[in-house]
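Hi,

Here is the structure I promised to pass on. Have a look at it first, and then read my notes below with the model open next to you.

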Amino acid sequence: MTYVSLIKSDYTNFRQALERAVDLIGKIHLEDKNSIAVKINLCDCRPPETGAITHPESLDAVLGYLRSNFPKIPIYVVESDATVTRPDLLIDWFGFRGVIEKWNAEWRNLTHEKTQRMKIKGRHFKSVKVPTLLRDSFIVNLSKLKTHSLTKISCSLKNQYGCIVYPLKIHFHGFLDDAIVDANTAMPSNLSIVDGVVAMGGPKVLHTASLLTPVYFLWGVILWLLTRHAADSWGSIRISLDMYGKPLQLDWAEFVATL
Amino acid sequence: MQVGVIGAGAIARRGHLPALNSLEGIELIGLADVDNQALRSVSKRFGVEKTYNDYKEMLRTEIDAVIVCVPTQLHSVVVVDAANAGKHVLVEKPLSSTTAEAQEIVAAAKRNAVIITTVQNYRYFPAIQEMYRRLADGRIGRLLSIDGACHTRPPMSWTRGTWLYQFGGVLDDFAPHIFDMACWFANSDIADVHAYGDDYVGNMQCINHALVSVRFENNTLATTSASWLMGTSKVTLGLYGTGGTMMTDIQTNNFVEAHGFSTPLDDLRYVSRKMLNIARLGLSGRLFQGAMQFYPKLLSDFFRSIERKSPPIVSLEESARVVAILDTARAQLRSGRSEVSRPAP
């Protein structure tokens, strides 16, 4: 059985909200795992206040909670290189290093970790390189509540996709939904925490989306001219209009209501 | 003509080496880099026979010209060495880190009678060329102001190198393109530079958001807004004259000229042109090539100027002006003093 708890919070009481959220779904049992890996989201080089990446305040609360419950267990904060970011730089630039050190945790870039190839019955991949560190750890997926130009929503499943160690993950965007499923098949998280205190709305997560806007628009017009298929053409035009129509940040309740 | 490349990093791999291999009459003789692994893989990929760990060794061969693709901090040393060895030089932008280094390069070029020029590929966008022609034709009257913006992400998708995250930061990334075009359009020496900017994140320890104003000696004003923090990719330039304006979105090669009051029809024309341009670029496969598509033309121009002993497209004086703006802006931001200062000539 999978349980979900939803707690209203801001960053001043994130820790209490987290404790309550975990209490509601039951305690954390590490079972046979002897370490904890907290997968944060540093997929874009944008400051945390934009909602595009993990906020140091939420990481602080999560690490504080984990450390108080598991004082002697190694805790790793993990992320991998991505097409447009280098998390090794971002943890310093955006204030994560101090938080990690404060709770006696350790920063690990998965791209530079030892891996083992795991065979899966995936939708796209037949095997995935799994970092040994993740295989041996209880995985806490600390994701952001935000939209994405391709998947529409980017929460836990999309964040777990960031565990793929290959840096140029943009190469997988042609089959992104399948790649996300495969990443989660090979490296499932044990606990997912979605930080929606600052949610990011609007599909313009990638600048390519704004470049594609006129393409969607033109495609809609061409479809209508060629086939008079109103639904598809209006759908394309609406996607293009949506790309300009949403604010950067939404109130979390408003955001949830739009999903 | 025999050519060597110094530096096997991203700009060499993505710009210069493919362009060199596409040009007739050009022999790519050697590649130099201190990184053995990069040297091996890049030389294999582009079919370069001779590789060198020490670029000075390559400079002792019979090559006619070198292309310098090392980090900016190393430009002056490598370029002066190449000039002293009698080689013509095409160096990535900006020409050098400091005005003093630029002066050394200018002196080396004169002393050795070689051509030294800088890569300024943004000048090659047809929209920019058209704006230059129209400005020269007097279509917008006397040029009063130039307004440029380069809002991009930090160049992490471009290169895994970290040398750009030094003090100048965003100023050393895209801003030299805007500074160069401003100097080119203004066609005048620099009178004053005034810079604002900071590390707006707090921990990057380099300038990531800045505004630089330049007054040229002919009284044309130019402002450049440069930022790494907006999560966007926007490179624009506007020219404002006594008789009209010209605006361009450089990466989509789109521009509009307007006179008097801008009407909704002008806006519609701009937007519809932009959409058509993007569709056209998408269909031709050049949408994401950006300014890299002009490297073959840029290299051809460099080699032609060597063969004909004619001035290069980008003169050393123009390149030195860009360095002067950068150097002055960096100095102001480093000292925290925002008073107007006059760059060294």
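**Strands of chain B**

Start with a pair of residues: V5(B) has L31(B) as its bridge partner in β2(B). That pair belongs to a longer match, since β1(B), residues 2-6, and β2(B) run parallel and are paired over 5 bridges. Before going on, please keep in mind that this is a predicted model.

How do you get from β1(B) to β2(B)? The two strands form a right-handed β-α-β unit together with helix α1 of chain B, residues 10-22.

Now go to the other partner I looked at. β2(B) is also joined to strand β3 of chain B, residues 50-52, by 3 bridges, and these two strands are parallel. If you want a residue to click on, G30(B) sits opposite K50(B) in β3(B). The chain gets from β2(B) to β3(B) by way of helix α2 of chain B, residues 36-46, in a right-handed β-α-β crossover.

Is β2(B) enclosed or open? It covers residues 27-32, and 5 of its 6 residues are buried, so the strand is largely enclosed by the rest of the structure.

**Two buried residues in chain B**

V70(B) is in a loop, the one that links β4 (65-68) with α4 (75-84) in chain B. Its relative accessible area is 14%, and because buried means under 20%, V70(B) counts as buried. What does V70(B) touch? Leaving out residues up to four places away in sequence, its contacts are I6(B), G7(B), H75(B) and V78(B). I6(B) may look familiar, as β1(B) takes in residues 2-6. I also checked V70(B) against V314(B): they are 244 residues apart along the chain, and their C-alpha atoms are 19 Å apart.

T99(B) is part of helix α5 of chain B, residues 99-112. With a relative accessible area of 11%, T99(B) is buried too. Try finding I325(B) from there: 226 residues separate T99(B) and I325(B) in sequence, but from C-alpha to C-alpha the distance is 8.9 Å.

**A surface patch on chain A**

Finally, switch to chain A. Which residues make up the nonpolar patch on the surface? They are Y166(A), L168(A) and I170(A), and together they have about 240 Å² of accessible area. I170(A) is in the loop between α6 (156-161) and α7 (176-186) of chain A. The relative accessible area of I170(A) is 41%, so this residue is partly exposed.

Happy to go through any of this with you.

Cheers

How values were computed:
Residues are numbered from 1 along each chain as its sequence is written. Chains are lettered from A and ligands numbered from 1 in the order in which they are written. This is a predicted model: local features need pLDDT of at least 70, side-chain atom pairs count only at pLDDT 80 or more; totals for chains, interfaces and linings use all residues. Side-chain values use heavy atoms; hydrogens and water are left out. Helices (H or I, at least four residues) and strands (E, at least two) are DSSP runs, numbered from the N terminus. Buried means under 20% relative accessible area, exposed over 50%, partly exposed in between (1.4 Å probe, protein chains only). Contact means heavy atoms within 4.5 Å. Patches are made of residues with over 30% relative accessible area and no salt bridge: like charges are joined within 9 Å, nonpolar side chains (Val, Leu, Ile, Met, Phe, Trp, Tyr) within 5 Å. Accessible areas come from the Shrake-Rupley method with a 1.4 Å probe; for residues, only the protein chains shown count as cover. A salt bridge is a side-chain nitrogen of Lys or Arg within 4 Å of a carboxyl oxygen of Asp or Glu. Two strands pair if DSSP finds at least two bridges between them. A crossover is right-handed if, with the strands pointing away from the viewer, the path from the first strand over the helix to the second runs clockwise.
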